[in-house]
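User: Hi! I have a model open and would like to talk it through with you, step by step. Could you help me read it?

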Amino acid sequence: MDIWLAFRMLCALDSAQKMIRNNPQQINRRFDEIKDQLRRIDEKLDEQVLIKARVGLRHLVDGISSDISEVELEEYRNARREFNYLINLDPLGKTKGTSGEADNRDLIALGYWGNFNYFYFMGDRRNALLQVYECTENYPTQGLIAFDRSFFSRDYRKMASEMGSELNAYQKKLQELEGELFWKKVKHYAKLVVVGGVPLVALSMATDRISLIRIPTNPDLPTMKAEIERMTGRLESLNADLSAECRARREWLEKADPASLPGFGTLPGLAVSSLLPPLTGHRGRVWSLAFSPDGRHLATAGDDCTARVWDVGRGIEISRLGQTSSVHALAFSPDGRHLALSTGDGSARIYEYASGREVARLSHDYIPRVVAFSPDGRYLATTSWNQVRLWQPSNGRELWRASLGDTINSLTFSPCGRYIAVAGKDGSARVMELTGGREASRIERGAPVIAAAFSGEGSYLLTCSQEGQGSVWDLAGGEEALGFDLSCHALAAAFSPDGRYLLAADSGRLLRVWDLVAGCEALELDCLGRARAVAFSPKMSHLALCGEGSEIRLWELARA
């Protein structure tokens with residue numbers, strides 16, 4: 001978990017600071033945004049506190065803008081001195097102003113945010129992250145406002161906002177019920193008072209006599225109050241979860257040695273170099289696609305009873321395998337010498353790639369939907385409806401089969417070749433032993449899982465559900481290590497070879513690339529239609545997509 005956690009936190013750090021680095025004036029705008037979010041105005045703040053905040057921000061801007069290293073260093077130090085003043089305010093106190101009070105915890109969070117920027121621009125990434133997690137551990141509400149959501153495993157800010165809105169709605173309804181009851185019983189000027197815990201209405205009559213009338217209990221009031229208590233408890237529980245997560249990350253950062261963790265530095269991002277001309281030639285829908293191991297060729301499976309192989313660089317068809325029925329799935333062997341494909345007659349066939357000679361035909365009860373070679377090429381796994389089977393390609397012998405709950409959407413081998421992961425419509429992802437097919441572990445997602453893959457070292461399983469929920473699962477403990485919401489209904493998905501990126505095509509006809517490490521969207525492209533299959537090339541140089549029509553779209557990628 002250490003490497004994944006390091007990747008996520010540090011990429012979040014780079015992402016959060018990218019705009020500020022490119023435009024120093026973003027710091028002043030960010031300060032104003034925080035003030036607005038906290039509903040603070042200058043008149044509410046103590047003049048000394050306001051000056052400290054503004055001076056600290058000014059020093060940060062001057063430090064970034066300076067071309068002289070000595071001046072830059074001095075400005076950063078001055079900034080930190082001002083922010084430390086804010087952090088050391090009494091968290092239980094208030095800062096008085098001419099027109100009200102401000103909660104010191106809001107100002108403390110601003111101090112942490114300033115120090116976060118100070119450490120970042122000084123190149124101290126560990127201490128920059130410590131500001132995020134120390135602040136949010138102690139002041140969850142303020143930390144969520146001050147720092148970007150990508151620093152946390154879930155979108156706590158959104159969850160808290162939704163719960164808060166629901167709680168406010170209940171409180172408003174409670175006020176309406178109490179007000180309705182009040183005005184039904186009282187037609188004169190009155191005041192609500194409580195005597196001995198009993199709500200009473202004090203009536204001021206024309207005779208100046210005071211009368212007390214007990215308010216009868218409304219049957220909806222206890223229910224409404226119980227709901228408010230329940231929502232309040234959920235918010236407190238959410239804050240406790242967030243605080244515990246930040247505490248764990250802070251403790252990990254304090255102990256971890258950044259130099260000992262691979263990739264602890266800045267990770268390169270993705271960018272589209274160019275949209276290549278579409279590959280055309282199929283007559284009908286294209287169901288599936290697969291890159292060759294060297295990434296130079298792309299194989300496609302079509303409704304026109306053909307499997308075609310294309311030269312990616314030149315964009316031309318270089319070979320074709322004709323069938324008697326539609327082709328649904330295909331895969332290259334790891335050495336690139338064989339191509340496996342499934343057809344509408346219920347068979348999976350293996351061909352010599354160079355000669356086009358059929359070397360094996362494997363019969364199924366239903367149309368095979370997925371075919372995949374093991375990393376060493378000695379085995380072929382296939383799925384048909386709810387069954388997964390393991391074969392020896394050399395002689396076409398079936399070694400074992402297993403029946404699962406519902407239609408299987410995805411199948412992949414672990415990097416070591418000892419396990420197979422299958423995911424399907426029943427909402428589960430299962431890891432099965434290669435020898436014998438015994439189920440080693442199972443993950444329940446609830447919604448249909450459309451893609452699953454092992455991480456590069458094989459210790460994590462990556463899943464994407466049809467509802468747009470992505471997860472990274474720690475196979476050792478069976479727990480979700482990372483979770484993220486694509487905010488879309490996914491039609492097709494695939495993971496990059498290194499396990500860092502998720503490629504998902506949504507029902508809105510957009511192709512999204514998510515960075516699982518940084519926890520944010522890296523690219524968004526137009527599918528120009530509903531996608532059926534998507535794929536990364538082995539060396540991350542291209543993206544491929546097939547959709548409603550007969551064209552295959554290709555994008556050339558570059559590492560940003």
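Analyst: Happy to! A definition to begin with: pLDDT is the predictor's confidence in each residue, from 0 to 100. It applies here because this is a predicted model.

User: What is the mean pLDDT of the protein?

Analyst: On that confidence scale, 70% of the residues reach 70 or more. Residues 1–12 stay under 50, with 51 contacts in the model beyond four places in sequence. Residues 182–216 are also below 50, and that stretch has 48 contacts beyond near neighbours in sequence. Taken over the protein, the mean pLDDT is 76.

User: Thanks! Which strands are the edge strands of the open sheet with the order 11-12-13-14?

Analyst: That open sheet has four strands with antiparallel pairing. From one strand to the next, the twist averages 20 degrees. An edge strand pairs on one side only, and that description fits strand 11 and strand 14.

User: Which residue stands opposite alanine 331?

Analyst: Let's look at how strand 11 meets strand 12, which covers residues 338–343. The two run antiparallel and are joined by five bridges. Across from alanine 331, in strand 12, stands alanine 340.

User: What kind of aromatic pair do phenylalanine 332 and tyrosine 353 form?

Analyst: A pair of aromatic rings is described by the distance of the centres and the angle of the planes. For phenylalanine 332 and tyrosine 353, these are 5.4 Å centre to centre and 85 degrees between the planes. Planes over 60 degrees apart count as edge-to-face, so this pair is edge-to-face.

User: How many residues apart in sequence are the parts that this pair ties together?

Analyst: Phenylalanine 332 belongs to strand 11, residues 327–332. Tyrosine 353 sits in the loop between strand 13 (347–352) and strand 14 (358–363). The pair therefore ties together parts whose separation in sequence is 21 residues.

User: Is tyrosine 353 buried or partly exposed?

Analyst: The cut-off to keep in mind is that buried means under 20% relative accessible area. Phenylalanine 332, at 10%, counts as buried. Tyrosine 353 has a relative accessible area of 21%, so this residue is partly exposed.

User: One last one: which residue in the turn between strand 21 and strand 22 has a positive phi?

Analyst: Strand 21 (residues 428–433) and strand 22 (residues 439–444) pair in the antiparallel sense over five bridges. Within this pairing, serine 428 stands opposite glutamate 444. The two strands form a hairpin with five residues between them. In its turn, the residue with a positive phi, of about 90 degrees, is glycine 436.

Key: Residues are numbered from 1 along each chain as its sequence is written. This is a predicted model: local features need pLDDT of at least 70, side-chain atom pairs count only at pLDDT 80 or more; totals for chains, interfaces and linings use all residues. Side-chain values use heavy atoms; hydrogens and water are left out. Rings of Phe, Tyr and Trp (its six-membered ring) pair if their centres lie within 6.5 Å; planes under 30 degrees apart count as stacked, over 60 as edge-to-face and the rest as tilted. Buried means under 20% relative accessible area, exposed over 50%, partly exposed in between (1.4 Å probe, protein chains only). Two strands pair if DSSP finds at least two bridges between them. Axes are lines fitted to C-alpha atoms, for helices over the stretch in contact, and angles run from 0 to 180 degrees between N-to-C directions. Contact means heavy atoms within 4.5 Å.
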